[in-house]
Amino acid sequence: MKKPDATRRLSALVAALALAAFGLAFAQKYPDADALIAAVDARPEPATSQATLTMTITTAGGQTLSREMQTWSEGTTKRIIKFTAPADIKGSGFLTLTAADGSEEKLVYLPALDRVRRIAGGQQGDSFFGSDFAYEDITGIDQEDYTHKLLEVRDGPVYVVEAVPTPESGSSYERLVLEVPEDTLIPQRVEYYRGGELAKVLTVSGLTEVDGYTVAGERRMESVKGGKVSTFTVITQTNLVLDEALPADLFTERFLRR
Amino acid sequence: MRAHALLLRRPRPAAALHDRHTPPAPLRPALALVAALALGLAAAQGPQLSGRTEAVFGVAVDGSLPVASAELELRLDGEVGSGFFPDAAYAASVRAGHDAATSATWLELDEAHATLFLTDVDITVGKQRRSWGSTDGVNPVDVLNPRDLSFPPGNEKIAVPMLYGAVHAGDARVQLAVVPTFTASRLPGEAWRAPLAPALPPGVTLVGVLPPEVHEPAADIGNVQFGARATLAAGAFDVSATYFNGYRTEPTASAKLLPAGAPGQFRLQPVLDYDRMQLLGLDFSGAIGPVVVRGEAAYEFTSDPEGTDPEVGNHSLQAVLGGEYAIPSGPRVVLQGIFDYTAPDAGEDPDLAFKVMTVMTHQAGARTNLDLAWMQSLDGSGLAMPGVTYTFADGVVGEAKAYVFYGADGSEFGDWKDNSQVRVSVGYSF
């Protein structure tokens with residue numbers, strides 16, 4: 001009596017898989033990773049943005065440290081960050097300008113020294129002000145610096161894509177695994193690997209529509225050691241203003257000092 | 001007379017400590033005016049009050065306690081107008097503290113200034129600090145503010161009354177500064193002074209040392225100091241030229257023998273003079289791939305080019321060249337060479353010195369920063385300053401830092417071996 005049941009179950013499973021595959025074939029809008037990434041890249045981006053970011057770092061002991069900053073950006077080539085809290089780093093600023101040839105100019109302002117310092121590049125993997133985010137996680141991914149491979153398509157559909165940085169990219173990661181929902185085309189989860197092991201996990205949530213753009217309200221980056229989350233940082237974005245013209249001299253040393 | 005190197009200069013013999021907490025009399029009305037202006041603006045524009053309190057405790061290798069202090073700083077600042085570039089901004093801060101190790105107590109107006117933002121021009125008037133230069137730690141062109149050398153490795157700037165303007169024109173910027181009155185650097189304490197050992201003529205016996213005779217420039221239109229700095233940026237490079245006409249803020253020391261009454265007996269009269277000088281400087285910074293290179297040089301012209309006047313320092317040059325590299329997932333490293341030249345007294349050889357400075361900083365987690373600054377002189381002496389800072393909570397930072405001097409007696413850093421010490425501090429910013 002068991003055999004017919006088992007056979008039925010197996011048949012049902014095969015049918016379900018076939019249906020799933022059939023359904024997938026029809027639901028999947030992007031046939032491969034390149035098409036998906038092209039669509040991600042083609043997503044409309046605001047010409048300018050202004051936002052208040054609150055960064056909360058939770059240490060291994062469960063205690064928290066917070067940073068509050070104001071950011072302004074123009075396209076992907078100009079970005080300025082000014083810290084507004086806590087008091088010991090208030091006034092510090094960070095300006096990044098990307099030239100047409102891709103080279104970056106990075107300036108840091110430290111009010112205690114009253115000096116704007118040009119700082120060395122090549123530290124993309126360094127921690128962003130003590131958080132679980134690295135500088136390269138903050139500045140975003142230039143898709144041309146990666147080769148992509150579609151690993152699977154899950155219900156949703158959600159595309160699971162492997163991104164391997166090119167040697168020229170300067171990335172500190174060995175590979176990334178991104179989960180990209182088709183409806184938003186915003187990676188909702190990213191796994192970062194170093195040395196063959198999972199190093200960090202990014203989770204993006206709180207998607208909302210602002211001025212016609214889909215934006216993430218919260219990003220949570222977990223550092224993983226030995227398969228367990230050791231520390232994590234949550235960046236919350238508020239007071240978002242998009243596509244508002246910014247003064248021409250905003251991305252300058254003068255404003256960095258203000 | 002020869003001048004000193006610009007960083008960690010060995011103090012002149014018998015240098016007098018200035019009153020840390022009392023501004024020169026001619027400045028007091030001006031400071032009061034600036035403070036009143038700042039406070040008046042503050043009352044009208046909803047100012048922000050912030051501050052910091054810090055406790056510092058130190059132990060030297062000889063078992064003495066060089067510092068056991070607590071300080072409170074309160075700061076008021078705000079803006080007039082709104083937008084990215086408001087019409088004006090203002091700030092004022094006061095510092096009060098007590099050091100049980102030295103029995104010093106202070107209450108001082110630190111900064112008090114107001115800035116007017118015009119279209120392409122910023123004008124700041126009041127007591128302020130300004131920084132010029134490109135290199136790290138050692139800045140030959142950074143001469144606008146005197147220094148607090150009571151703890152020489154600290155080398156903190158002292159705010160002074162100044163009229164400061166910056167004109168922005170695309171990738172070019174011109175800065176102008178007028179410092180109407182002279183303020184001397186606070187000189188190192190007794191423990192940091194070299195022993196007084198003048199060469200005496202035959203038959204002369206010293207029977208005492210008189211308090212130093214200090215010749216500070218008077219508050220006079222002829223003693224107004226001024227400087228200009230032009231900067232041009234091109235891509236990831238910038239270069240600046242600096243001119244300054246003013247005074248060295250650290251004295252040139254000389255000594256006279258005064259008859260004490262009995263034949264052959266004399267008292268030593270130290271004399272501290274502040275040299276009028278003109279400075280020409282050039283500095284730059286630029287990114288070459290992952291390395292940032294920085295350079296800075298300044299030549300100081302005094303009124304004694306021949307080196308014949310013992311009360312006036314000689315011409316001098318300081319040049320710094322170095323680079324910074326961030327080791328992936330490791331420390332950020334700065335390596336600099338520092339060259340010092342002082343023109344000779346008549347008939348003597350010039351003073352030449354060369355040091356290498358290494359600075360490493362590493363963020364070892366959300367709470368912990370490690371750093372090491374190390375100066376190594378060619379004469380074999382040096383100073384190593386390893387430190388760690390730890391953030392206990394938002395705004396609460398603790399620091400432990402060692403200052404290790406080494407080298408032979410008479411070498412650049414060796415005379416300060418007994419001043420090697422460890423300092424621990426905890427500060428809260430609010």
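This text walks through a predicted model of two chains, A and B.

The predictor's own scores come first. For the complex, the predictor gives an ipTM of 0.78 and a pTM of 0.83. Chain B has a mean pLDDT of 87, and 89% of its residues reach 70 or more. One stretch of chain B scores low: over residues 1-44, pLDDT stays under 50. The model still has 109 contacts beyond four places in sequence for that stretch.

Chain A can be taken next. Its secondary structure consists of four helices and 13 strands. Chain A has 258 residues, and 29% of them count as buried. Among the contacts in chain A with a separation of 6 or more, 40% are between residues 24 or more positions apart.

Helix 2 of chain A, residues 33-42, is a useful place to look at burial. Which residues of this helix are buried? They are A:Ala33, A:Leu36, A:Ile37 and A:Val40. Viewed down the axis of helix 2 of chain A, the buried residues fall within an arc of 95 degrees, so they line one face of the helix. The numbering fits a general rule: an α-helix has 3.6 residues a turn, so residues three or four places apart point the same way. The buried residues of helix 2 of chain A are covered by elements including strand 7 (146-154), strand 8 (158-165) and strand 9 (175-181) of chain A.

The same region brings in the nonpolar cores. The largest nonpolar core has 45 residues. Those with the most contacts inside it are A:Leu36, A:Ile80, A:Tyr159, A:Val161, A:Leu176, A:Leu178 and A:Val180. Helix 2 of chain A gives the most to this core, with four residues. A second, separate core has 15 residues, including B:Ile338, B:Leu383, B:Tyr403 and B:Trp416. Back in chain A, what does A:Tyr159 touch, leaving aside its neighbours within four places in sequence? A:Tyr159 is in contact with A:Tyr30, A:Leu36, A:Leu150, A:Val153, A:Val180 and A:Glu182.

Two peptide bonds in chain A are cis. One joins A:Ala85 and A:Pro86, with omega about 0 degrees. A:Pro86 is in the loop between strand 3 (78-85) and strand 4 (93-98) of chain A. Another cis peptide bond joins A:Gly156 and A:Pro157, with omega about -5 degrees. A:Pro157 is in the loop between strand 7 and strand 8 of chain A, and both of these strands help to cover helix 2 of chain A.

In chain B, a run of paired strands can be followed step by step. Strand 2 (residues 68-80) of chain B pairs with strand 3 (residues 88-99) of chain B in the antiparallel sense, over 12 bridges. Within this pair, B:Arg75 stands opposite B:Ser93. Strand 3 of chain B also pairs with strand 4 (residues 104-117) of chain B, again antiparallel, over 11 bridges. Here B:Ala91 stands opposite B:His113.

Strands 3 and 4 of chain B form a hairpin with four residues between them. B:Ser103 is in the turn of this hairpin. Its phi is near 60 degrees, a positive value in a residue other than glycine. Is B:Ser103 buried or exposed? B:Ser103 is exposed, because 7 other C-beta atoms lie within 10 Å of its own, and 12 or fewer counts as exposed.

B:Asn155 also has a positive phi, near 55 degrees, and is likewise a residue other than glycine. B:Asn155 lies in the loop between strand 6 (147-148) and strand 7 (156-157) of chain B. With 16 other C-beta atoms within 10 Å, B:Asn155 is partly exposed.

B:Thr252 gives an example of burial. This residue is in strand 14 (residues 252-259) of chain B. B:Thr252 has 24 C-beta neighbours inside 10 Å and so counts as buried, since the cut-off is 20 or more. The C-alpha atom of B:Thr252 is separated by 5.2 Å from that of B:Asp273, 21 residues apart along the chain.

Last comes the contact between the chains. It takes 30 residues from chain A and 29 residues from chain B. On the side of chain A that touches chain B, strand 2 (64-74), strand 6 (115-118) and helix 4 (253-257) of chain A each supply at least two residues. The residues on that side of chain A divide into 11 nonpolar, 12 polar and seven charged.

Conventions: Residues numbered from 1 in each chain as written. Chains lettered and ligands numbered in written order. Predicted model: local features only at pLDDT ≥ 70, side-chain atom pairs only at ≥ 80, totals over all residues. Contact = placed C-beta atoms within 7 Å. Nonpolar A, V, L, I, M, F, W, Y, C, P; charged D, E, K, R; others polar. Pairing = 2+ DSSP bridges. Arc of directions from axis to C-beta. pLDDT = per-residue confidence, 0-100. Core = buried A, V, L, I, M, F, W, Y, C linked by C-beta atoms within 7 Å.
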